[in-house]
Amino acid sequence: MRLRVEFTTEPFDLDEAPAHAVVAREVIQSADLDAVDVGPFGNTAEGWDDAVLTAVDRLLRESLAAGATRVSLQVNVIGEGEK
């Protein structure tokens, strides 16, 4: 199945991207995902379930290790079918 993940990391810093936000962006951009949209207040990416779930695991672990105090995310099923 295809999934869409939307996420933000906190705390915010409007002057400079904090380390946890940079890490989160790098994780998502390097994952085997498509339709990646990274912005200052929210990020989205789409892909097949295995790729999205692997990226979410890595995103949580690495952004928390880099100083995030909160990670908000939502995962939605956007399509069924085979790869």
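In this predicted model, Phe41 sits in the loop that joins β2 (34-38) to β3 (43-48). Is Phe41 buried or exposed? Its relative accessible area is 57%, and a residue counts as exposed when that value is over 50%, so Phe41 is exposed. Phe41 also belongs to a nonpolar patch on the surface, together with Phe12 and Leu14. The accessible area of these three residues together is about 390 Å².

Strand β2, on one side of that loop, contains Ala35. Ala35 is not a glycine, yet its phi is positive, at about 55°.

Another backbone feature is found in the loop between β1 and α1, where Pro11 lies. The peptide bond that leads from Glu10 to Pro11 is cis, and its omega is near 10°.

Next comes helix α1, which covers residues 19-30 and so has 12 residues. From the first C-alpha to the last, α1 reaches 16 Å, close to the 16 Å expected at 1.5 Å a residue. Which residues of α1 are buried? They are His20, Val23, Ala24, Val27 and Ile28. Seen down the axis of α1, the buried residues fall within an arc of 130°, so they line one face of the helix. The spacing along the chain helps to explain this: an α-helix has 3.6 residues a turn, so residues three or four places apart point the same way.

What covers this buried face? The cover over the buried residues of α1 includes the strands β1 (2-10), β2 and β3, as well as the helix α2 (49-65). Strands β2 and β3 are also the two elements on either side of the loop that holds Phe41.

Notes
Residues are numbered from 1 along each chain as its sequence is written. This is a predicted model: local features need pLDDT of at least 70, side-chain atom pairs count only at pLDDT 80 or more; totals for chains, interfaces and linings use all residues. Side-chain values use heavy atoms; hydrogens and water are left out. Patches are made of residues with over 30% relative accessible area and no salt bridge: like charges are joined within 9 Å, nonpolar side chains (Val, Leu, Ile, Met, Phe, Trp, Tyr) within 5 Å. Accessible areas come from the Shrake-Rupley method with a 1.4 Å probe; for residues, only the protein chains shown count as cover. A salt bridge is a side-chain nitrogen of Lys or Arg within 4 Å of a carboxyl oxygen of Asp or Glu. Helices (H or I, at least four residues) and strands (E, at least two) are DSSP runs, numbered from the N terminus. Buried means under 20% relative accessible area, exposed over 50%, partly exposed in between (1.4 Å probe, protein chains only). The expected span of a helix is 1.5 Å times one less than its number of residues. The arc is that of the directions from the helix axis to the C-beta atoms. Contact means heavy atoms within 4.5 Å.
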